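Open the model in your viewer and show it as a cartoon. The tour below goes stop by stop.

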Amino acid sequence: MPTAAARALFAGTIFTSAFLLFLVQPLIAKQILPWFGGSAAVWSICMVFFQCLLLAGYAYSDQLVRRLRQRRQAQLHAALLLASLATLPIVAAPHWKPAGHEEPTLWILGLLLATVGLPYFLLCTTGPLLQAWLSGTTLAAGLGRQVYRYFSLSNLASLASLLCYPVLIEPRFALLPQAWGWSTGYAAFVLLGCGVAWQVGRAPPAQAAPATTPAPVAVSPDDDAAPGPLRQALWLVLPALGSWLLLAVTNHLTQNVAAVPFLWVLPLVVYLLSFVLCFESDRWYRRRVWLPLAALALLLCAWGLQDSLGSRLQTALPLYVGGLFLLCMALHGEMARDRPGPRWLTRFYLMLACGGALGGIVVGLLAPRLLPGYYELGLGLALCALAGAAVGWRHPAARAAGLVIALACLAGLALQVHDDRAGARLLERNFYGTLSTLDTHRDDPADDVRQMYHGSVKHGEQYLAPARRREPTTYYGASAGIGRALQAAMEAAPGRPLRVGLIGLGAGTLASYGRAGDVYRVYEINPQVFDAADREFSFLRDSPATIERVLGDARLALEREPAQRFDVLAVDAFSGDAVPMHLITTQALALYERHLAPGGLVAFHVTNRFLNLPPVVQRVAEARGLHALYVHDEAEGSDLRRTDWVLVARESATLQRTRLRDAGSPFPELPGLAAWTDDFNNLFGVLR
């Protein structure tokens, strides 16, 4: 095969593999989301799985190239590619659906391994393995160190896939067609991979002669010699810090600044873009330009950690996304600058993958268990400054500057910790995020309140004055949809105790409506919320109603329970950015309906600054043949919050009760919106 045709085949295979690699992650995660609660925990476990499998794929490539002859490498890899076709389509088998007693982390890992393990593993091997083959044969004579441009190509494909899924694929196709489409694309990739393997098996090895194209940057004196421990440590540390900063900046923006849907996309875009630029050509990274800019970014980002400076979205977004880009350009630029000759290409990629996985594990798994708040960003900034001092250790000025900047970053972190703890009564963090409470004092002491926050989203407040502590507050006033629904249910059955279900506890405000004899059954996935509601607020213990508690995902619990016969079931889980979509689908509504008493209703709390959710509930109700009422309350002349609730009932008469019939508002228009199901839902389509 001519050299140009060989390069095109290799490039097409690498591009296809990287595109499919990033496409399968949201696809398979969305398949299993309704089975495991729909929480961020599912996405985090999936991310750890994919990072570890990426590391395994790079390790396989490194060992394959070093231990087998070229023809044997091609034969073994082609055999694995063909064997992986037996795992298609990538549809999670029904027997993996949990019964409720399984340990979810291990169950999810086993499910992912059985469903996408081998295809994903082989996709991970493609970039480093094909680059090693290309540089080690006569198929691309004279390519030399330019072979690393294919790594830039793979990151460009990943970037394209990242942007295509929410915009072009998710809004148009249900999950099953997505899975079959991906499987078809993977089958095409297998054909391309086998074609590459056939070419490699026939091609003679490249001669150990210098590349005809000179290396455009300075490299190690003996580039073909085995890289020493310090050099390999640098290959590990630089990508680890890049991965650390990616996750830390994402956490900081989505949790501490604003709960904006899809905000996590921007940090990932600039992270991938830095790889594209640094490995495409040496013209993009100039140390004398990017290192000073990175130093400035470190100082500005550390300065912005103070709550009074970096908590506003309009300033925090450009500061941290721009800072992440500058820092990743420096980290990945230094990585690209130190890339070895083709002989050690697979070892280079192995250390890069190991560093990426290490950064992800530290921030994604360890930080939530070790740190009381989102402090990994400040630590990551300080470590980057120390890495800069290590890179420039031969220059006293650079070394001193790195140490000074590290101290400045630690000072910014100290100010962040001080701001978080100033006035905070409670500050805790677990797998589900940070939980904090604080007291807010107003001009009139009777208006003083204690507030609960999950990240940057308020989850309730209570008046501190004893005479007012049973008053409903924030989103739960008498004129709000849920207040009207509860009062209407009381009036419809005077003297009869009510049975009320609450999905999402918050501060426990709705318990203030409870009467003697009533039963309020609370479903809450985060154990720290139950603890905070008991210790910091008195709604639950002051309520005359009987309070029943169910810890875990509400949908899984309701699937296992007998019919609860709720008069009102309040679904209050959609105010943040991480909307649990499995709680707002036709299948979820069918489940809620099974648990309603005759004349009962479901109340969806859909107040959200960034998502237009009332039409979603309207379409879901229509698909089930139910009736829906949209209650928009401006709460004028009070301390209550503006709210949006949608009430859904079997009979239209339920929504014509005295307190409901005149409260309805026209539903917002959202043309083309289809009813959400477990198989088809799309947040991108309901952005305001």
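In what order do the seven strands of the open sheet lie? Select them and read across: β7-β6-β5-β8-β9-β11-β10, with mixed pairing. Keep in mind that this is a predicted model. At the edges sit β7 (546-551) and β10 (627-633), each pairing on one side only. Direction ignored, neighbouring strands are turned by 20° against each other on average.

**Edge strand β10.** Now select residues 643-649, strand β11. Seven bridges join β11 to β10, and the two run antiparallel. Pick A628 to see one pairing: its bridge partner in β11 is V648.

**Helices across the sheet.** Select 614-623, helix α20. Helix α20 lies across β9 (596-605), β10 and β11, at about 5° to β11. Next, take 527-536, helix α16. Helix α16 lies across β6 (519-524) and β7, and runs at about 155° to β7.

**T126.** Move to helix α4 (residues 104-136) and pick T126. Is T126 buried or exposed? It is buried, at 1% relative accessibility. The T126 side chain reaches the backbone oxygen of L122 at 3.1 Å. Beyond its neighbours within four places in sequence, T126 contacts T13, I14, S17, Q131 and F189.

**Cysteines.** How many disulfides does the count come to? Zero. Select C164 and C124: the C164 sulfur is 20 Å from that of C124, its closest cysteine sulfur, so the gap is too far for a bond. C301 is in no disulfide either, with the nearest cysteine sulfur, that of C409, 8.5 Å away. Finish on C301, which is buried, with a relative accessible area of 3%.

Key
Residues are numbered from 1 along each chain as its sequence is written. This is a predicted model: local features need pLDDT of at least 70, side-chain atom pairs count only at pLDDT 80 or more; totals for chains, interfaces and linings use all residues. Side-chain values use heavy atoms; hydrogens and water are left out. A disulfide is a pair of cysteine sulfur atoms within 2.5 Å. Buried means under 20% relative accessible area, exposed over 50%, partly exposed in between (1.4 Å probe, protein chains only). Helices (H or I, at least four residues) and strands (E, at least two) are DSSP runs, numbered from the N terminus. A polar contact is a pair of N or O atoms within 3.5 Å; within protein, one must be able to donate a hydrogen and the other to accept it, and residues adjacent in sequence count only if both atoms are side-chain atoms. Contact means heavy atoms within 4.5 Å. Two strands pair if DSSP finds at least two bridges between them. Axes are lines fitted to C-alpha atoms, for helices over the stretch in contact, and angles run from 0 to 180 degrees between N-to-C directions.
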